[in-house]
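Please walk me through this structure in a viewer, one selection at a time. Tell me what to select next and what is there.

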Amino acid sequence: MHLFVNDLTVIDFSYLDVNRGVVGESWIVDVALIGNLNEQNMVLDFGVVKSQIKRIIDREFDHKLHIAEDSAALIEKEIKGDNLDILYKMASLDLIHMSAPPSAYCFLQAEKVDIETVLPLIRATVMRHMPENVKDIQITLRAEEIPQEYYHYSHGLKKHDGNCQRIVHGHRSKVTVMENGETSRDWQQYWQRRWKDIYIASEEDLDSTLLQQFSEQYHIAQDNYLAFSYTASQGDFRLVGPKNCIDLIDRDTTVECLAEFMLEVMTAQSPESEFKVMAYEGVSKGAIAQNTLNTPSF
């Protein structure tokens with residue numbers, strides 16, 4: 001007997017890629033349980049599937065930085081106090097350094113991060129918690145079908161009480177821009193290009209001391225990198241990365257602030273236009289910002 005639940009959850013996360021750098025991603029999760037009927041004549045109660053299995057997947061895989069541990073690009077991995085530090089070298093020879101509590105990472109025994117390498121780990125993790133009558137579980141990971149412009153971005157929200165505070169987690173998000181009541185493909189393409197495989201950072205998190213220490217330790221040019229740090233309820237977070245992979249903005253990077261930022265950029269370039277931007281954060285959620293007669297409304 002098969003029991004299935006589609007759209008069980010969405011895994012919003014980031015991963016390291018030797019060519020693309022830090023990549024934000026969102027995968028929709030479908031599950032099917034295979035087993036015998038229990039004393040309730042069910043394979044498993046839908047409520048249990050929607051709560052327990054979703055909770056396991058969210059806890060172990062969501063809002064984390066996924067790293068392929070067998071990749072030659074991962075050149076350092078070391079516990080330092082309460083944090084786990086990693087150093088990653090891209091094909092361009094640019095370095096990415098992150099220091100965070102171990103819970104902010106998901107390591108895969110693979111050479112790269114993709115659906116094929118993540119699936120077996122999710123399946124094995126969930127199966128450990130299943131009752132005896134559940135003999136197998138089938139999991140499908142899929143990206144949202146987006147017939148328009150979208151971008152991959154990563155960020156961290158230090159003021160967030162939950163897992164969004166982790167300094168590198170991300171999303172694959174579509175963007176809709178209306179200019180004077182019409183869809184603007186030009187502006188949608190602009191944001192798609194600007195935020196392709198990008199880390200969006202807040203100016204207030206810049207850490208010049210960390211940057212100097214990192215440049216001295218690894219003999220890199222400070223002018224080519226940016227460093228960030230903050231302390232949140234889960235611990236201390238630090239990140240160093242190449243400037244060409246970072247968009248530095250003058251505010252927090254919540255989706256509300258990103259929608260506001262996008263509106264301000266477009267209004268500054270086209271002050272006579274009325275804009276409405278729908279900035280998504282992953283799948284089926286986001287924020288809207290719009291102006292009327294050049295007066296922003298959020």
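## Stop 1: the cavity

A search of the whole structure, which is a predicted model, finds 1 cavity of 30 Å³ or more. The space in the largest cavity comes to about 80 Å³. To see its walls, select Gly-21, Val-22, Ile-96, Tyr-199, Leu-239, Val-240, Gly-241, Pro-242, Cys-245 and Ile-246, which line the largest cavity. Two or more residues of this lining come from each of E2 and strand E14 (235-242). Now colour E14 on its own: with 4 residues, E14 gives the largest share of the lining. Colouring the lining by class shows 8 nonpolar residues, 2 polar residues and no charged residues.

## Stop 2: the hairpin of E1 and E2

Next select strand E1 (residues 2-17) and strand E2 (residues 21-35), which pair in the antiparallel sense over 13 bridges. The two strands form a hairpin, and 3 residues lie between E1 and E2. For a point of reference along the pair, pick Tyr-15, which stands opposite Val-23 in E2.

## Stop 3: from E1 to E3 and E7

Keep E1 in view and add E3. E1 and E3 run parallel and are joined by 2 bridges. Select Ser-14 to find one end of such a link: its bridge partner in E3 is Leu-65.

Show the side chains of E3. Leu-65 and Ile-67 point one way from the strand, His-66 and Ala-68 point the other way, and all are buried.

Now add strand E7 (residues 105-108). E3 and E7 pair in the parallel sense over 4 bridges. Across this pair, His-66 stands opposite Cys-106 in E7.

## Stop 4: the loop before E3

Step back along the chain to His-63, found in the loop between helix H1 (46-61) and strand E3 (65-68). What is the sign of phi at His-63? Phi of His-63 is positive, near 55 degrees, and the residue is not a glycine. Is His-63 buried or exposed? His-63 counts as buried because its relative accessible area is 11%, under the cut-off of 20%.

## Stop 5: Asp-197 and Arg-20

Another positive phi is found at Asp-197, about 50 degrees, although Asp-197 is not a glycine. Select Asp-197 in the loop between helix H3 (185-194) and strand E12 (198-202). Its relative accessible area is 8%, so Asp-197 is buried.

Add Arg-20 to the selection. The side chains of Arg-20 and Asp-197 meet in a salt bridge, 2.8 Å from N to O. This pair links distant parts of the chain, 177 residues apart: Arg-20 is in the loop between E1 and E2, and Asp-197 is in the loop between H3 and E12. Arg-20 has a relative accessible area of 32%, so Arg-20 is partly exposed.

## Stop 6: further salt bridges

How many salt bridges does the structure hold? The count comes to 20 salt bridges.

For one of them, select Asp-12 and Lys-285, whose closest N and O atoms are 3.3 Å apart. These two residues also link distant parts of the chain: Asp-12 is in strand E1, and Lys-285 is in the loop between strand E16 (275-280) and strand E17 (286-292), 273 residues apart. Which partner is buried and which is partly exposed? Asp-12 is buried, with a relative accessible area of 3%, whereas Lys-285 counts as partly exposed at 35%.

The last selection is Asp-205 with Lys-158. The two form a salt bridge in which the closest N and O atoms are 2.9 Å apart. Asp-205 lies in the loop between E12 and helix H4 (208-218), and Lys-158 lies in the loop between strand E9 (150-155) and strand E10 (169-179), so the viewer should show both loops; the pair links distant parts of the chain, 47 residues apart. At 8% relative accessibility, Asp-205 counts as buried. Finally, extend the selection to Lys-158, Lys-159, Glu-204, Asp-205 and Asp-252, which salt bridges with shared partners join into one network.

Technical notes
Residues are numbered from 1 along each chain as its sequence is written. This is a predicted model: local features need pLDDT of at least 70, side-chain atom pairs count only at pLDDT 80 or more; totals for chains, interfaces and linings use all residues. Side-chain values use heavy atoms; hydrogens and water are left out. Buried means under 20% relative accessible area, exposed over 50%, partly exposed in between (1.4 Å probe, protein chains only). Two strands pair if DSSP finds at least two bridges between them. A salt bridge is a side-chain nitrogen of Lys or Arg within 4 Å of a carboxyl oxygen of Asp or Glu. On a 1 Å grid over the protein atoms alone, a cavity is a set of points where a 1.4 Å probe fits but cannot get out, and a pocket is an open set with protein on both sides within 12 Å along at least five of seven lines; lining residues have an atom within 4 Å of a point. Grid points are joined across faces, edges and corners, and a volume is the space filled by probe spheres set on the points. Ala, Val, Leu, Ile, Met, Phe, Trp, Tyr, Cys and Pro count as nonpolar, Asp, Glu, Lys and Arg as charged, and the others, Gly among them, as polar.
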